[in-house]
2 protein chains.
Amino acid sequence: MAAERRRATIYDVAQAAGVSKSLVSLVLRDSPSVSAPRREAVLAAIKELNYRPSQAATALAGGTSQTVGVVIDDYTNTWFVELLRGLQEGLASAGLRIAVSDRSLNAHIESDPLDGFLSTRVEALVLATEPTPAMRFPSQIPVIIAGNRATQIPGADITCSDDRLGARRAIEHLISLGHQHIGHIAGGGGASRLRLNGYRDALTAAGLKEHIVSVSELTTEDTGYQCTRRLLKDAGEITAILAGNDSMAMGAMAAAQEAGLSVPEDLSIIGYDNSPLSDTHLLHLTTVDSRNHELGLHVATQVLSRLADPEREAQRVQLEPLLIERGTCAAARNA
Amino acid sequence: MAAERRRATIYDVAQAAGVSKSLVSLVLRDSPSVSAPRREAVLAAIKELNYRPSQAATALAGGTSQTVGVVIDDYTNTWFVELLRGLQEGLASAGLRIAVSDRSLNAHIESDPLDGFLSTRVEALVLATEPTPAMRFPSQIPVIIAGNRATQIPGADITCSDDRLGARRAIEHLISLGHQHIGHIAGGGGASRLRLNGYRDALTAAGLKEHIVSVSELTTEDTGYQCTRRLLKDAGEITAILAGNDSMAMGAMAAAQEAGLSVPEDLSIIGYDNSPLSDTHLLHLTTVDSRNHELGLHVATQVLSRLADPEREAQRVQLEPLLIERGTCAAARNA
DNA sequence: CTGAAAGCGCTTACAG
DNA sequence: CTGAAAGCGCTTACAG
């Protein structure tokens, strides 16, 4: 019962169970060629000794880390949560775990955000953020891009949502509500660009005029607030706004409130991402759902198929987004 | 230039640099006993070969993973972001990295959320969440609790903020603004309990009556919304609310709005955590800052000192919280 | 199923 | 600084 004794190894387990180390190894990897009684004995010894296989030893000896590295932008914008969940679900059956790295958190300490993952010898890399010049992509391991990005990675698979279509649908919804003057506030990045194009598509098709404001590469609440202030000042006639994402939509709501406009009575607002934020009582935001959980599941499929066949051609999967109607849209005033 | 060649090892680097493997190992660990020219040669070879030391091999041979495991509740509530940042800053100088695990994400796949970390042989465990019965704490490695928790872990160090004091200060602030009927909406967990006590302390000292609502163990936006609806119904006289955290405060704002109350004109609201959410234009929430960044720094200090002296007694560090005045408090109507 | 053997890619002394 | 050696805790064949 001494707390400070040496950690149990596979040898200790074998000895306690009265079997060979080889057998223990087989049990650990769920081999079918182990008889029930022996398996029980080993499991009992594992429990008794509080044994946990050393990941370092397993990885080194097996030549495989069994982990997939995921890079996200920033823990603060929670759009990625459902994606992670889907990814993990899809990978679990194959015995793969995920490790996540936050770009902004690691920005200070290492030049290349991928370094840690490469040292870990991850089986694959999932990018849920815009690639940066500092990232040197290894040619040996599969790279899967989650979402639309501005930069292309040669050879990488892509799972994304049709952002252009999503934005178009959002605008079509506003038009169907009678809105004629619809603004768009945009940030930077690949998804933002497509959403902007979708906005344009819909307006052009309807013969309406564009009102676009984009003040920064960021897509934060503050960005949304600043853009909206500017938009309301420059184009007072607008009665609806499509925001580049939910955070920006939140900022738009603040700017509207400040300007004395009621949402949705005076101003309709649509966000993008269907993030946890949008589904609050306070925002109750109409938004576009990229179906991030399913997206995560698809990314998992791509990881697995690419691992099974490293030579297969890069593929691109695109999901259709869904408009989620909540409480921030209403018919235009003078419609 | 063949992409599929074998990954470089320390042997390849040694050969390319024309030195021994031992020397490469010394360079990797920044040994001072290496001459500049040889160091240059090794670094050049590392770059040339795109070499990254195998974490598995390093950990296994060195007998140390150099990583600290951090368990958080849930990526959705972003209060932990600054804590992680502080922790990482404090650990970086010692060459320790952090690995984070989200409880809710892992809930499905493994019984004990700590299992993964134990397999990794983390040097220490940081708990930024309420301990659950499923967690079996190893006696061999340091455990540090970040924040106030309902459950005690024998032998663990604690770094927390004085939640009781923070809540008391918040209430005192409201009282100084003339509020006589102040409600509190609370969730579950150790921090919530202390904040509740702080609320009581202040009211008792001022001879005021309590109005407390707590409908669940959760501390989400929805919880805050439900609690506030109930509070407004049961105690219509209240003019101010202290929420258990910022998410709940957000829900409170929604309930107030729904009830036709303006914040802060009709109802003052104070949150808790100074989370990214509170610092938005839309909420602009007066809140209590637990100084999570500093808290993370202190946790790092505890990790390091405990690693240096495993026998030292468990210590408890407590920070003084700060009231952050923003826009959700005003003088009471009939003060 | 066992047992002995080799090896994964490093670190750690240690003699020179 | 080098070089040879042992070892970290596993996995992977392989002969029995």
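Tutor: Before we look at the record, a quick note: UniProt positions are given in the numbering used here, feature names are shortened, and annotations may be inferred rather than shown by experiment. With that in mind, the UniProt annotation "domain: HTH lacI-type", from an unreviewed entry, covers residues 8–62 of chain A. This is a predicted model, where local features need pLDDT of at least 70, side-chain atom pairs count only at pLDDT 80 or more, and totals for chains, interfaces and linings use all residues. Residues are numbered from 1 along each chain as its sequence is written, chains are lettered from A and ligands numbered from 1 in the order written, and side-chain values use heavy atoms, with hydrogens and water left out.

Student: How much of residues 8–62 of chain A is helix, and how much is strand?

Tutor: That stretch is 69% helix and 0% strand. Helices (H or I, at least four residues) and strands (E, at least two) are DSSP runs, numbered from the N terminus.

Student: What makes A:Asp12 count as buried?

Tutor: Buried means under 20% relative accessible area, exposed over 50%, and partly exposed in between (1.4 Å probe, protein chains only). A:Asp12 has 19% relative accessibility, so it counts as buried. You'll find A:Asp12 in helix 1 (residues 10–17) of chain A.

Student: How do you know how the two copies are related?

Tutor: Superpose them by least squares on the C-alpha atoms of residues with pLDDT of at least 70 in both. Chain B then lands on chain A with an RMSD of 0.0 Å, after a turn of 180° and a shift of 0.0 Å along the axis. The two copies are therefore related as by a two-fold rotation axis.

Student: Which residue of chain B comes closest to the rotation axis?

Tutor: B:Ala56, with its C-alpha at 2.1 Å.

Student: What makes a residue near DNA strand C?

Tutor: One of its heavy atoms has to lie within 4 Å of the strand. There are 22 residues around DNA strand C, with A:Val34, A:Ser35, A:Arg38, B:Ser25 and B:Ala61 the closest. Sugar and phosphate make up 73% of the strand's atoms that come within 4 Å of the protein.

Student: Which helix gives the most to that surface?

Tutor: Helix 4 of chain B, with four residues.

Student: How far is a polar side-chain atom of A:Arg38 from a phosphate oxygen of DNA strand C?

Tutor: It's 2.8 Å away. A polar contact is a pair of N or O atoms within 3.5 Å (within protein, one must be able to donate a hydrogen and the other to accept it, and residues adjacent in sequence count only if both atoms are side-chain atoms). So A:Arg38, at 2.8 Å, meets the cut-off. B:Arg29 also has a polar side-chain atom 2.8 Å from a phosphate oxygen of the strand.
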